[in-house]
Amino acid sequence: MNPIVEYVVDGNRYTAKKKFRGILTKRISGLSVHVASGVYEDEKGWLHIKTGAIANLRELAEQLWPIGSKMTVYYNPDHPKRCYVDRPVLGSTISAVFIVTGLIILVLSVLLFVLIQL
């Protein structure tokens, strides 16, 4: 389940595989109930795969990395084949926490300013 990323530098086309810190799999089988499969990459670079008795890994991969989607590739300008593929930022929990915290601080500072003016 490693996506292959294609990038172009100075008219030359290169490909690279997305690498992970590790892959954690959880396979649930033997149950009579349907288990929904899922896949996600956490903020630390671990790929988590949860599958039931029947799972289509290609569909799971296409949900996480749709064909034609954009990913950031960092490469060495002197040796473009040497690269690092960054994970896509889809809905990071950390970024949501920072946004909410910033909004709360902004609202509290406006309220404090208004109260001081009274």
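User: Before we start, what does "exposed" take here, and why is Leu-118 called exposed?

Analyst: Exposed means over 50% relative accessible area. This is a predicted model, and in it Leu-118 has a relative accessible area of 82%. That value is over the 50% cut-off, so Leu-118 counts as exposed.

User: Where does Leu-118 sit?

Analyst: In the segment after helix H2, which covers 93–117.

User: What makes Leu-118 part of a nonpolar patch?

Analyst: Patch members need over 30% relative accessible area and no salt bridge, with nonpolar side chains joined within 5 Å. Leu-118, at 82%, clears the area cut-off. Its partners in the patch are Ile-99, Leu-103, Leu-106, Val-110, Phe-113, Val-114 and Leu-115, and together the patch has about 870 Å² of accessible area.

User: OK, over to strand E1. Which side chains are buried there?

Analyst: Val-5, Tyr-7 and Val-9, which point to one face of E1 (residues 4–9). Ile-4, Glu-6 and Val-8 point to the other face and are not buried. Buried takes under 20% relative accessible area, so those three don't meet that cut-off. In a regular strand the side chains alternate between the two faces of the sheet.

User: How do you know that E1 and E2 pair?

Analyst: Pairing takes at least two bridges. E1 and E2 (residues 12–17) are joined by 6 and run antiparallel, so they count as paired. Val-8 stands opposite Arg-13 in E2.

User: What happens between the two strands of that hairpin?

Analyst: There are 2 residues between them, and Asp-10 takes a positive phi near 50°.

Key. Residues numbered from 1 in each chain as written. Predicted model: local features only at pLDDT ≥ 70, side-chain atom pairs only at ≥ 80, totals over all residues. Heavy atoms only, no water. Patch = residues over 30% accessible without salt bridge, like charges linked within 9 Å, V, L, I, M, F, W, Y side chains within 5 Å. Areas by Shrake-Rupley, 256 points an atom, 1.4 Å probe, with all protein chains shown as cover. Salt bridge = Lys/Arg side-chain N within 4 Å of Asp/Glu carboxyl O. Helix = DSSP H or I, 4+ residues; strand = E, 2+ residues; numbered from the N terminus. Buried < 20%, exposed > 50% of the residue type's maximum accessible area, 1.4 Å probe, protein only.
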